[in-house]
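Me: Hi! I've got a protein model open and I'd like to talk it through with you. Could we look at it together?

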Amino acid sequence: MAPMPDKSITRFVAWLVLPPSLLLAPLSAFLYVMVRRTESYAPWDGWNLVWTAFDIGEEGNVAVWIASTLWLFVAAFAVLAAVTAPRFRKSWWLFAAVATFASADEAGQIHEKLFVVGDRLAPYVPIDVHYNWVIPGTIAAVAVGALLLRMVLSLRRPIMFSIIGAGGLFLLGAVVMETLTGLVHRREGLSDLYVALMYIEESFELLAVAWVVIALSAMFRISRYRGGMSLVFAGSRQPAAA
């Protein structure tokens, strides 16, 4: 039996990852407002229970599970590329390893333990970032970006621009907004402005990772056969005609 026409999984993936990425911050904000309005500050109060379960800025809850899972999707697509792409297979394995570590970091807040390194580097940085783990984190992000740049530039333009744009959005959240949030935290504590900035920061990071997942899913084509299916890497840019 002849195979069915090749299909992209991008639309399915977009429906899977975009809704939680878009809705978590508004949901967190709504629940936060309800906690404030009803003065449900005790851990066992109903609104507080729901808020802490879905709060995008909390740890060990549904929001963290979603963020960690998004990174695992990135890792899974990178592994698929590593075993199917004609070039840059080592770079894809590196990308998969970085995404897996990022997933663990979402669950375990590993990056916050980099303050030991950040405190040593802070005197050499011309601005005060307050959360000093941002310094080694930024250095690591730039290093990984440099190592993966040739691989990214080899992809089809829509995929390439999506990954670059998502990287910029992620750094806007993880570096710029994280720094602003830290400075507000030091000045005002857990104020409404701090919570708002934190939700914006986390939203940027979630949307950036979801954007990468969608972009990576566009690299593959699926053909179905009787009793099976095949997956083909179609993410490389075609060489220009002579």
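Me: How far apart are the end C-alpha atoms of helix 8, and what span should its 26 residues give?
Reply: The end C-alpha atoms of helix 8 are 37 Å apart, and its 26 residues should span 38 Å at 1.5 Å a residue, which agrees. The expected span is 1.5 Å times one less than the number of residues. Helices here are DSSP runs of H or I with at least four residues, strands are runs of E with at least two, and both are numbered from the N terminus. Keep in mind that this is a predicted model: local features need pLDDT of at least 70, side-chain atom pairs count only at pLDDT 80 or more, and totals for chains, interfaces and linings use all residues. Residues are numbered from 1 along each chain as its sequence is written, and side-chain values use heavy atoms, with hydrogens and water left out.

Me: How many residues of helix 8 are buried?
Reply: 19 of the 26 are buried, so helix 8 is largely enclosed by the rest of the structure. Buried means under 20% relative accessible area, exposed means over 50%, and partly exposed is in between (1.4 Å probe, protein chains only).

Me: What about Ser217, where is that?
Reply: Ser217 is found in helix 8, which covers residues 192-217. Ser217 is buried, with a relative accessible area of 0%. Leaving out residues up to four places away in sequence, Ser217 touches Ile9, Thr10, Val13 and Phe77; a contact means heavy atoms within 4.5 Å.

Me: Switching to rings: how many aromatic pairs are there?
Reply: The count comes to seven aromatic pairs. Rings of Phe, Tyr and Trp (its six-membered ring) pair if their centres lie within 6.5 Å; planes under 30 degrees apart are stacked, over 60 edge-to-face, and the rest tilted.

Me: Why is the pair of Trp71 and Phe170 edge-to-face?
Reply: Their planes are at 85 degrees, so the pair is edge-to-face, and the ring centres are 5.8 Å apart. The pair links distant parts of the chain, with Trp71 in helix 3 and Phe170 in helix 7, 99 residues apart. Trp71 is buried at 14% relative accessible area, while Phe170 is partly exposed at 24%.

Me: And Phe77 with Phe220, stacked or edge-to-face?
Reply: Their planes are at 20 degrees, so that pair is stacked, with centres 6.0 Å apart. Phe77 is in helix 3 and Phe220 in strand 1, 143 residues apart.

Me: Last one: how many helices and strands does the protein have?
Reply: The protein has eight helices and two strands.
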